[in-house]
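Let's take a walk through this structure together. Keep the 3D view open as you read, and stop wherever you like.

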Amino acid sequence: MMQASAAARSPEEPRSPEAMALALRQRIDAGLAGLEPALEPASLYEPVRYVLQASGKRVRPVLLVLTAEALGADPVRAMPAALAVEVFHNFTLVHDDIMDHASTRRGRPTVHARWDESTAILCGDYLVALSYDLLARVDSPHLPALFGAYFRMVRHLCEGQALDKEFEARADVTVEEYFQMIYRKTGALIETSFELGGWIAGADADTREALRSIGRHVGRAFQIQDDLLDLIAEDERWGKKVGGDLQEAKKTYLLLRALEVAEGADREWFRRIVAERGLPEAEIGEARARMERLGVLDEAR
């Protein structure tokens, strides 16, 4: 009976969510690979290819396509927008790495480290323009609305990046202020990925607002998880220096929450990170242990 049942199983039966996501990521990777830029000047297009060929989780384009499909749209129609948000995301990484003085990204040298800052800036500029060109290829009667949502995302992201830089000079940043910053810097692109999927599927206004709300919450969770992994990641796929945020005294959820709940000697220990603008690499393990005792890591999880 088991053999007969297995033989009768239709190849059209639904696959697991994991298999579906993998297949979708592969389609997005193929789409990025198909965005072959020109060959000359090589000083521009070699870095562009370097960025487009980098590995990635493709979270934002996957969410966009799945949203459109869940609301009844042909996923093929959503692919130009999916590629647009992924290209734009990669642009933000190129420029963020310059601003953060990061030397590696996803286990590879950053663009400005492999070439130079001027090349990285120009590469990012090209990627922004490419993302808008891709969005313009979406077959939708709502194209002006898609561009309106896209511009709102860019504005929020720039605001978030500016706040992040401002926080570097402040010792009194609160967790709530941090949430407002990450909504713009991280959440805006995720929120827009959901919203664009809704527009492509022709969703009504209430549904689009629900999608934006989902995106805001997913964005917050995504960034807090990123903050957590920066301190505890052991997998080589993390591709960044563990504890790098604390070494640069970045105002992450973990550090700000530790400053809120710590008392006595613990509070002074964490205040020293801010006052001295960073923590020596040798003390990262102690920071992790103190945060674990305070319950900060469990809250982040």
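A good place to start is E69, which counts as partly exposed because its relative accessibility is 38%. Bear in mind that this is a predicted model. E69 sits in helix α4, the stretch covering residues 59-70. To get a feel for distances, look from there to E268: the two are 199 residues apart along the chain, and their C-alpha atoms are separated by 51 Å.

Now for the inside. The largest nonpolar core is made of 47 residues, and L127 and I200 are the ones with the most contacts inside it. Quite a few helices chip in: α2 (17-33), α3 (42-52), α4, α5 (75-100), α7 (117-136), α8 (143-167) and α9 each give two or more residues to this core. The largest share comes from α5, with 12 residues. There's another core lying apart from this one, with 30 residues, including V175, L228, L256 and F270.

Let's zoom in on I200 for a moment. What does I200 touch, once neighbours within four places in sequence are left aside? Its partners are L64, A68, A73, R77, A78, A81, V138 and L146.

L256, which we just met in the 30-residue core, brings us to helix α12, residues 253-261. Here Y253, L254, L255, L256, A258 and L259 are buried. As a general point, an α-helix has 3.6 residues a turn, so residues three or four places apart point the same way. The buried residues of α12 have plenty of company: they pack against α9 (175-200), α10 (205-232), α11 (244-247), α13 (264-275), α14 (284-294) and α15 (296-300).

Step back to the loop between α11 and α12 and you'll find T252. Is T252 buried or exposed? T252 counts as buried, because its relative accessibility is 7%, and buried means under 20%. Leaving out residues up to four places away in sequence, T252 touches Y178, D227 and D245. Q223 is 29 residues from T252 in sequence, yet in space the two are 9.1 Å apart, C-alpha to C-alpha.

Our last stop is a pocket, the second largest one, with a volume of about 220 Å³. Its lining consists of 14 residues, and those nearest the centre are E168, E248, A249, K251 and R277. What classes of residue make up the lining of this pocket? Eight are charged, five are nonpolar and one is polar.

Note on methods: Residues numbered from 1 in each chain as written. Predicted model: local features only at pLDDT ≥ 70, side-chain atom pairs only at ≥ 80, totals over all residues. Heavy atoms only, no water. 1 Å grid on protein atoms, 1.4 Å probe; cavity = no way out; pocket = protein on both sides within 12 Å on 5 of 7 lines; lining within 4 Å. Points joined across faces, edges and corners; volume = space filled by probe spheres on them. Nonpolar A, V, L, I, M, F, W, Y, C, P; charged D, E, K, R; others polar. Helix = DSSP H or I, 4+ residues; strand = E, 2+ residues; numbered from the N terminus. Buried < 20%, exposed > 50% of the residue type's maximum accessible area, 1.4 Å probe, protein only. Contact = heavy atoms within 4.5 Å. Core = buried A, V, L, I, M, F, W, Y, C linked by side-chain atoms within 4.5 Å.
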